[in-house]
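The following exercises ask the student to read a structural model step by step. Each task is followed by a worked solution.

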Amino acid sequence: KSVFGSHPRNVSSLPVDTSALVLANSALISEISGSGVLIDFNKSEEGQLVGGKKMDSRDIKQRAMDLLKSIYLPYDYPDSVTRDYGSFTKWRVLQNLASAVMNVLSTEALLFGLGLGKTSTKATAAATNWVLKDGLGYIGKVIYGYAAGKQFDHDPKSWRIASDLVEDLGGMLELLTPLFPGDFLLLASIATTLKGMAAMTGTATRHSIYKSLALRDNQGDIATKGESQGVTCKIVGLGVGIAISNALGQNYFKLLMTYGAFTVAHMLFNWQSMKCVQFSTLNRQRSAMILKEYFAGRPVETPYETSHYEKIMIPWMGYQSNIVLGAKVKQAFTSSEEVEKALQSCGPSEKYLASYKNGKIYFVFHKSAKHDDYMKAWMTGLKFVDGGCKDLEGAAEYTRANFSTFKAAAKASNWQTDYYLLN
């Protein structure tokens, strides 16, 4: 018997934008998303896997609510947060709304203080462009937050480097606005969006970094001191920047060259700081590093030892992207024979199915799969790719025999083994 048994009666507990599998009573295999969309797959006369009509029991209102939930609430809400998150968020939304209104009014007052009243057409146009620039930037941040979301947790180091690079690119676009005054709104909006994306990424990754540096659950104190250090540096930087600006005068070329030089320094210093940070959570790269040692029969290294040769990646490209965790049915299988073969090779107790095609390994998970099941699939994929196994069946057998021992060794080396960040 296989764990892929029957249609689930209740799918509301599944996270939005994830897929799970069940073997249906009336279909060979079925795929169900967290939002309740069900696709039945059957065997055609030629033996191919054919997907039936998508069945979505949600009404339009529920679909809209699910979309808003995926945009504005954390992944797997409410199971991934404490029960007071909802109340906290409600008051934060009202606070941010009031702050936005106050910001518009205070900006208008500043313009009045500069003698730019509402009677001035040019001043009004300038103020309107400025507000539109911020508004378009905010929309870009919302879209970016929806698209990136939980990705920040998987590799904070790489995302932190990427955020500063994006911020520097935004600053470069602002430097180009004098060359294209007619496109000020477009360039300034893109620059504001890039800087907003960088700020969002920086804030999200900063919390993870501070948490990794805290020994006594004192990340709040570390964050406060970090802000104090940053503000002081900004004060000093303002003075240095004014002095350099005065020295450069009106030479636009020198201005661009100086900005470029400080961009290089900015990225270099950030790179060095990220190399000092160690995480005890197992993401794709860190787990692959210690699994490689385990496959070779060597002791599992500690987070501190691993951090010294952990690489800064291009975050949106992923690590070992040839291993796809959480694939859809049509990605993994094209025929009923492939499904039956996967059921045999992965064993009756596993909560994933695997296939290898076009140079990629696809893992499809059962609806009840947990974090250990994700790590088992990842371990199987790595054993097949880098561990010397010639087929997926052998890799899966190795994982079944060794996973408990590996998990115990990782825990003994101070790795977090209750959950994994494998994307």
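The first exercise begins with a residue that takes part in a salt bridge. At 36% relative accessibility, glutamate 174 counts as partly exposed. The model is a predicted one.

**Exercise 1. Classify glutamate 174 and its partner, and locate both.**

Solution.
Step 1. Buried means under 20% relative accessible area and exposed means over 50%, with partly exposed in between. Glutamate 174, at 36%, therefore counts as partly exposed.
Step 2. The partner is lysine 195, which forms a salt bridge with glutamate 174; the closest N and O atoms are 2.9 Å apart.
Step 3. Lysine 195 belongs to helix 6 (residues 184-213) and glutamate 174 to helix 5, so the pair ties together parts that are 21 residues apart in sequence.
Step 4. Lysine 195 has a relative accessible area of 30% and is partly exposed.

**Exercise 2. Describe helix 5 by its length and its cover.**

Solution.
Step 1. Helix 5 covers residues 156-176, which gives 21 residues.
Step 2. From the first C-alpha of helix 5 to the last, the span is 30 Å, close to the 30 Å expected at 1.5 Å a residue.
Step 3. Of the 21 residues in helix 5, 15 are buried, and the helix is mostly covered.

**Exercise 3. Which residues are joined with Glu310 into one network by salt bridges that share partners?**

Solution.
Step 1. A salt bridge requires a side-chain nitrogen of Lys or Arg within 4 Å of a carboxyl oxygen of Asp or Glu. By this rule the count comes to seven salt bridges.
Step 2. One of them joins the side chains of lysine 157 and glutamate 310, at 3.1 Å from N to O. Lysine 157 is located in helix 5 and glutamate 310 in the loop between helix 10 (303-307) and strand 6 (323-325), so this pair ties together parts that are 153 residues apart in sequence.
Step 3. Lysine 157 counts as buried at 2% relative accessibility, and glutamate 310 counts as buried at 8%.
Step 4. Glutamate 310 also forms a salt bridge with arginine 286, the closest N and O atoms being 2.7 Å apart. Arginine 286 is part of helix 9 (residues 284-295), while glutamate 310 is in the loop between helix 10 and strand 6, so the pair ties together parts that are 24 residues apart in sequence.
Step 5. Both arginine 286 and glutamate 310 are buried. Through shared partners, the salt bridges join Lys157, Arg286 and Glu310 into one network.

**Exercise 4. Determine the geometry of two aromatic pairs.**

Solution.
Step 1. A pair of aromatic rings is described by the distance of the centres and the angle of the planes.
Step 2. The search of the whole structure finds five aromatic pairs. In one of them, the ring centres of phenylalanine 295 and tyrosine 398 are 5.6 Å apart and the planes stand at 75°, so the pair is edge-to-face.
Step 3. Phenylalanine 295 lies in helix 9 and tyrosine 398 in helix 14 (residues 392-412), so this pair ties together parts that are 103 residues apart in sequence. Phenylalanine 295 and tyrosine 398 are both buried.
Step 4. For tyrosine 356 and phenylalanine 384, the centres are 5.1 Å apart and the planes are at 70°, so this pair is edge-to-face. Tyrosine 356 is in strand 7 (residues 352-357) and phenylalanine 384 is in helix 13 (residues 371-386), so the pair ties together parts that are 28 residues apart in sequence.
Step 5. Tyrosine 356 is partly exposed, at a relative accessible area of 48%, whereas phenylalanine 384 counts as buried at 16%.

**Exercise 5. Over the face of which rings does lysine 383 lie?**

Solution.
Step 1. Lysine 383 lies over the face of phenylalanine 295, 4.8 Å from the ring centre.
Step 2. Lysine 383 also lies over the face of tyrosine 398, at 4.1 Å from the ring centre.

**Exercise 6. Is asparagine 358 buried or exposed, and what is its phi?**

Solution.
Step 1. Asparagine 358 is placed in the loop between strand 7 and strand 8 (360-365).
Step 2. At 76% relative accessibility, asparagine 358 counts as exposed.
Step 3. The phi of asparagine 358 is positive, about 55°, although the residue is not a glycine.

How values were computed:
Residues are numbered from 1 along each chain as its sequence is written. This is a predicted model: local features need pLDDT of at least 70, side-chain atom pairs count only at pLDDT 80 or more; totals for chains, interfaces and linings use all residues. Side-chain values use heavy atoms; hydrogens and water are left out. Helices (H or I, at least four residues) and strands (E, at least two) are DSSP runs, numbered from the N terminus. The expected span of a helix is 1.5 Å times one less than its number of residues. Buried means under 20% relative accessible area, exposed over 50%, partly exposed in between (1.4 Å probe, protein chains only). Rings of Phe, Tyr and Trp (its six-membered ring) pair if their centres lie within 6.5 Å; planes under 30 degrees apart count as stacked, over 60 as edge-to-face and the rest as tilted. A charge sits over a ring if NZ of Lys or CZ of Arg is within 6 Å of the ring centre and within 35 degrees of the ring normal.
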